[in-house]
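Q: Could you walk me through this model, beginning with how its strands are put together?
A: Gladly, and a couple of terms need to be settled before the details.

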Amino acid sequence: MAKRGIKVGDEVSITATVRRRVTEDRVSVSIPSYGFPHSIVDRSSKVKKGQLIELVGHVIHIDENRVTVQIGVPVTVDLDKVRLVTSYKPPVDVPT
């Protein structure tokens with residue numbers, strides 16, 4: 001188990017900042033501590049430059065102070081940049 005109780009399988013969110021609209025249905029976002037450009041599909045809202053947006057995904061790997069989150073593609077960020085949404089509960093075997 002990692003710091004702050006984040007573990008593999010947990011659903012977490014990352015707060016990203018909208019950089020610009022790339023196409024009518026895609027926006028470019030800046031993800032803290034990620035260091036690479038990233039764009040997401042955004043068909044429903046009319047987000048604007050500088051607006052904060054929550055990206056939600058599942059933790060697939062933890063390494064010291066970094067965590068990899070699956071948000072369509074794997075994104076590795078600092079552990080302090082994610083917020084726990086739902087803790088993973090493994091399935092319980094039911095006797096037959």
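A: Two strands are said to pair if DSSP finds at least two bridges between them, and the elements themselves are DSSP runs numbered from the N terminus, with helices being H or I runs of at least four residues and strands being E runs of at least two. By that rule, strand 1 and strand 4 run antiparallel and are joined by seven bridges.

Q: What kind of model is this, and how are its residues numbered?
A: It is a predicted model, in which local features need pLDDT of at least 70 and side-chain atom pairs count only at pLDDT 80 or more, while totals for chains, interfaces and linings use all residues. Residues are numbered from 1 along each chain as its sequence is written, and side-chain values use heavy atoms, with hydrogens and water left out.

Q: What is the mean pLDDT of the chain?
A: The mean is 89, with 95% of the residues at 70 or more, where pLDDT is the predictor's confidence in each residue on a scale from 0 to 100. Among the elements, strand 5 has the highest mean pLDDT, 96, and strand 3 the lowest, 89.

Q: How many helices and strands are there?
A: The chain has zero helices and seven strands, so read along the sequence the pattern is β-β-β-β-β-β-β. Its C-alpha atoms fill a box of roughly 50 × 35 × 15 Å along the principal axes.

Q: Back to strand 1, then: which residue in strand 4 does Ile14 stand opposite?
A: Ile14 stands opposite Leu55 of strand 4. Strand 1 is also joined to strand 7 (residues 82-86) by four antiparallel bridges, and there Ser13 stands opposite Arg83.

Q: And how does strand 1 pair with strand 2?
A: Strand 1 (residues 11-23) and strand 2 (residues 26-30) pair in the antiparallel sense over five bridges, and they form a hairpin with two residues between them. Within this pairing, Val18 has Val29 as its bridge partner, and Thr17 stands opposite Ser30.

Q: Which residue of strand 3 is the bridge partner of Val29?
A: That partner is His38, and strand 2 and strand 3 (residues 38-41) run antiparallel with four bridges joining them. Val29 therefore has a bridge partner in strand 1, Val18, as well as one in strand 3, His38.

Q: Switching to the interior, which residues of the largest nonpolar core touch the most other members?
A: The core has 21 residues, and those touching the most other members are Val29, Ile31, Leu55, Val67, Val69, Val77 and Val82. Strand 1, strand 2, strand 4 (52-63), strand 5 (66-70) and strand 6 (74-78) each give two or more residues to this core, and the largest share, four residues, comes from strand 1. A nonpolar core here is a set of buried Ala, Val, Leu, Ile, Met, Phe, Trp, Tyr and Cys residues joined through side-chain atoms within 4.5 Å; buried means under 20% relative accessible area, exposed over 50% and partly exposed in between, with a 1.4 Å probe and protein chains only.

Q: How much of the chain is buried?
A: Of its 96 residues, 30% are buried.

Q: What does Val77 touch away from its sequence neighbours?
A: Leaving aside neighbours within four places in sequence, Val77 is in contact (heavy atoms within 4.5 Å) with Ile14, Ile31, Pro32, Ser33, Tyr34, Asn65, Arg66, Val67 and Val82.

Q: Tyr34 turns up there; which residue forms an aromatic pair with Tyr34?
A: Its partner is Phe36, in an edge-to-face arrangement at 5.3 Å centre to centre with 65 degrees between the planes, and the structure holds one aromatic pair. Rings of Phe, Tyr and Trp (its six-membered ring) pair if their centres lie within 6.5 Å, and planes under 30 degrees apart count as stacked, over 60 as edge-to-face and the rest as tilted.

Q: Is Tyr34 buried or exposed?
A: Tyr34 is buried, because its relative accessible area is 17%, whereas Phe36 is exposed at 54%.

Q: And Thr68, buried or exposed?
A: Thr68 lies in strand 5 and is buried, with a relative accessible area of 11%. Not counting residues up to four places away in sequence, Thr68 touches His58, Val59, Ile60, His61, Pro74, Val75 and Thr76.

Q: Last one: where is Val73?
A: Val73 is in the loop between strand 5 and strand 6, and counts as partly exposed because its relative accessibility is 37%. Val73 and His38 are 35 residues apart in sequence, with 9.7 Å between their C-alpha atoms.
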